[in-house]
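Here's a quick walk through one model, a few residues and elements at a time. Have the viewer open and follow along.

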Amino acid sequence: MLRRREKPLDLSPYTVPTHVAIIMDGNGRWAKRRNLPRQAGHRAGAENLRRIVRACVEFKIKILTIYAFSTENWGRPKSEIRGLMKIFARVLDQELDELHRQGVCLHHLGDLTDVSPTLQEKVKRALELTKDNDRLTLNV
């Protein structure tokens, strides 16, 4: 039996959400299922985030909140924590100018106390650079 053709997705301003929140969870398990190191999963998650941010800007979503590293994550093996922090630092280094160009305002919603001083400075620089941007607020 033929099915009726579905209507295209309505993306009018009344149906696009104002705020999207994502819990970045399962990247390590994703990698493990593919016989890859956990860090490969974390890197893939960071790559996905680039596409998500771009889509949020394109669809005029005003706020994107990413839950990326909880206090429980400090209990992971030290090598995995180092890898996650390297990914965070690399994303800031490689993506900050593009985020700024896209009008993304970065907010950090956590405690940076246990993060290396170098990464703390990168975060502070990113927050300062993007503080006046208003196309998308990215809460991390």
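## The two cysteines

Cys105 is buried, with a relative accessible area of 5%. This is a predicted model, so keep that in mind as you click around. Cys56 also sits at 5% relative accessibility, which puts it in the buried class.

How many disulfides does the structure hold? It holds 0. Why doesn't Cys105 bond to Cys56? The closest cysteine sulfur to that of Cys105 belongs to Cys56, and at 14 Å it is too far away for a bond. A disulfide needs the two sulfur atoms within 2.5 Å, and the sulfur of Cys56 is 14 Å from its closest cysteine sulfur, the one in Cys105.

## Helix α2

Cys56 is one of the buried residues of α2, the helix that covers residues 38-58. With 21 residues, α2 reaches 31 Å from its first C-alpha to its last, close to the 30 Å expected at 1.5 Å a residue.

Which residues of α2 are buried? Early in the numbering you'll find Gln39, Ala40, Gly41 and His42, then Gly45, Ala46 and Leu49, and finally Val53, Cys56 and Val57. What do they pack against? Their partners are the helices α1 (27-33) and α3, plus the strands β2, β3 (104-107) and β4 (136-139).

## Positive phi on either side

Have a look at the loops flanking α2. The one between α1 and α2 contains Asn35, a residue other than glycine with a positive phi, near 60°. Is Asn35 buried or exposed? At 72% relative accessibility, Asn35 counts as exposed.

Lys60 follows α2 and belongs to the loop between α2 and β2. Phi of Lys60 is positive too, near 60°, and again the residue is not a glycine. Lys60 has a relative accessible area of 65%, so it counts as exposed.

## How the strands line up

Strand β1 (residues 19-23) runs parallel to β2, and 5 bridges join them. If you want a spot to check, take Ile22, whose bridge partner in β2 is Ile66.

β2 also pairs with β4, again in the parallel sense, over 3 bridges. Here Thr65 stands opposite Asn139 of β4.

## Asn73, between β2 and α3

Go past β2 (63-67) and you get to the loop that leads to α3 (78-101), which is where Asn73 sits. Is Asn73 buried or exposed? At 12% relative accessibility, Asn73 counts as buried.

What does the side chain of Asn73 meet? One of its polar atoms lies 2.7 Å from the backbone nitrogen of Ser70. Leaving aside residues up to four places away in sequence, Asn73 touches Ala68 and Ile81.

## Asp97 on α3

Last stop: Asp97, which is part of helix α3. Asp97 counts as exposed, at 54% relative accessibility. How far apart are Asp97 and Leu129 in space? They are 9.1 Å apart, C-alpha to C-alpha, with their positions 32 residues apart in sequence terms.

Methods. Residues are numbered from 1 along each chain as its sequence is written. This is a predicted model: local features need pLDDT of at least 70, side-chain atom pairs count only at pLDDT 80 or more; totals for chains, interfaces and linings use all residues. Side-chain values use heavy atoms; hydrogens and water are left out. Buried means under 20% relative accessible area, exposed over 50%, partly exposed in between (1.4 Å probe, protein chains only). Helices (H or I, at least four residues) and strands (E, at least two) are DSSP runs, numbered from the N terminus. A polar contact is a pair of N or O atoms within 3.5 Å; within protein, one must be able to donate a hydrogen and the other to accept it, and residues adjacent in sequence count only if both atoms are side-chain atoms. Contact means heavy atoms within 4.5 Å. The expected span of a helix is 1.5 Å times one less than its number of residues. Two strands pair if DSSP finds at least two bridges between them.
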